[in-house]
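Ready for some practice in reading a protein model? Work through the exercises below with the structure open beside you, and try each task before you look at its solution.

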Amino acid sequence: MILVLDIGNTSTFAGMYDNGEIVESFRMPSKDDKDYKISVNSDVVAVRLRHFLFSHQKAGRKIEGAAVCSVVPELTFIYKEMIDKFIDVDTWVLDHTADLGLKIDVDKPEQAGPDRLANAVAMKNIYGCPGLVIDLGTSTNFDVVDHRGNYIGGSIAPGVKTSSAELFKRASRLFAVDIAKPEKAIGRNTKQAIQSGIFFGSLGLIDHIAGLITEELKAVSSDEIRVVATGGYADLFAPHSKHIQTVDQMLTLKGIVMAYERNVS
């Protein structure tokens, strides 16, 4: 059994991989919400993951390794320290130097986010190519695998919650609302107006960029283009998108595992 960790700016997604599938998952905050700073150490991380980790070990399922994908270097060290101290297995960290089974065909491969590479690996191996992954997290990432099976980059936009938080912070008369689809675009009060702007504005961004990307892919290949969404807001936007075909909330974890299996014997 392998512990799989996707360490993001807002949350850390942990999964257990056993017998060819992610058998359980758990999400927890990466940073303190109050001031958005890292306020954890290896002991705190262990406490947060204690039940998740040791329920498997008590059931006789031994953790044999750990695969980590991280966009927060400080947290990479903390989680590696926790794994070494409390689980005592080797930790493999995904980066652009790993054997991913695809070419990173971008100007500066070292700048490619490990989570974006994991998404590309999963896209190619599960859904085929050409393909587009829309990852709706702290940022809204568009990750593209071309018809040759190469990762060729994409687009990065502010995330739904990230951009909304900035609006609430800077506009003194506006207030935070639940991010949800309103019944109509014309809001009859401030809450409805904010929800309309956030939801339809975000949906418009998603579909417009997805449309531009698919048109660019069609210009070089007539193959069917697959579009998969993942991340915290994927389930909210996918049913209303013109381009999203599938939601796979385990996509990044699956990609991390696939990369791990190629690199760790």
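**Exercise 1. Two helices in contact**

Task: Find which residues of α4 meet which residues of α5, and describe how the two helices cross.

Solution: Keep in mind as you start that this model is predicted.

Step 1. Look along α4, residues 160-170, and pick out V160, S164 and F168. Across from them, in α5, you will find I194, I198 and S202.

Step 2. Sort the residues of this contact by type: four are nonpolar, two are polar and none is charged.

Step 3. Now turn to the geometry. Two packed helices are described by the angle between their axes and the distance between the axes. Here the axes of α4 and α5 come within 11 Å and cross at roughly 145 degrees. The crossing is right-handed.

**Exercise 2. Building the sheet**

Task: In what order do the five strands of the open sheet lie, and which strands stand at its edges?

Solution:

Step 1. Read across the sheet: the order is β8-β7-β6-β9-β10, with mixed pairing.

Step 2. Look for the edges. β8 (151-158) and β10 (246-247) each have a single partner strand, so one side of each is left without a neighbour in the sheet.

Step 3. Add the helix. α5, residues 190-218, packs on the sheet and touches β6, β7, β8 and β9. Its direction makes about 15 degrees with that of β7.

**Exercise 3. Following the pairs**

Task: Work out in which sense, parallel or antiparallel, β6 pairs with β9, β6 with β7, and β7 with β8.

Solution:

Step 1. Begin with β6 (residues 131-136) and β9 (residues 226-230), which pair in the parallel sense over five bridges. To see one of the bridges, start at V133 and cross to its partner V228 in β9.

Step 2. Move to β6 and β7, which are antiparallel over six bridges. L136 has T140 in β7 as its bridge partner. A hairpin with two residues in its link connects β6 to β7.

Step 3. Finish with β7 and β8, which run antiparallel and are joined by seven bridges. For V144, the bridge partner in β8 is G153. These strands also form a hairpin, with five residues between them. In its turn, G149 has a positive phi of about 85 degrees.

Step 4. Is β7 largely enclosed or open? Six of its seven residues are buried, so β7 is largely enclosed by the rest of the structure.

**Exercise 4. Unusual backbone angles**

Task: Which residues other than glycine have a positive phi near 55 degrees or near 60 degrees, and where is there a cis peptide bond?

Solution:

Step 1. Recall the usual case: most residues other than glycine have a negative phi, and most peptide bonds are trans.

Step 2. Check N19, whose phi is positive, near 55 degrees. N19 sits in the loop between β2 (11-18) and β3 (21-29). With a relative accessible area of 74%, N19 is exposed.

Step 3. Check D88, with a positive phi near 60 degrees. D88 belongs to the loop between α2 (73-87) and β5 (91-93). Its relative accessible area is 61%, and D88 counts as exposed.

Step 4. Locate the cis peptide bond: it joins C129 and P130, with omega about 10 degrees. P130 is in the loop between α3 (114-127) and β6.

Technical notes. Residues numbered from 1 in each chain as written. Predicted model: local features only at pLDDT ≥ 70, side-chain atom pairs only at ≥ 80, totals over all residues. Heavy atoms only, no water. Pairing = 2+ DSSP bridges. Helix = DSSP H or I, 4+ residues; strand = E, 2+ residues; numbered from the N terminus. Contact = heavy atoms within 4.5 Å. Axes fitted to C-alpha atoms, helices over the stretch in contact; angles between N-to-C directions. Left-handed = near helix turned anticlockwise from the far one by under 90°. Nonpolar A, V, L, I, M, F, W, Y, C, P; charged D, E, K, R; others polar. Buried < 20%, exposed > 50% of the residue type's maximum accessible area, 1.4 Å probe, protein only.
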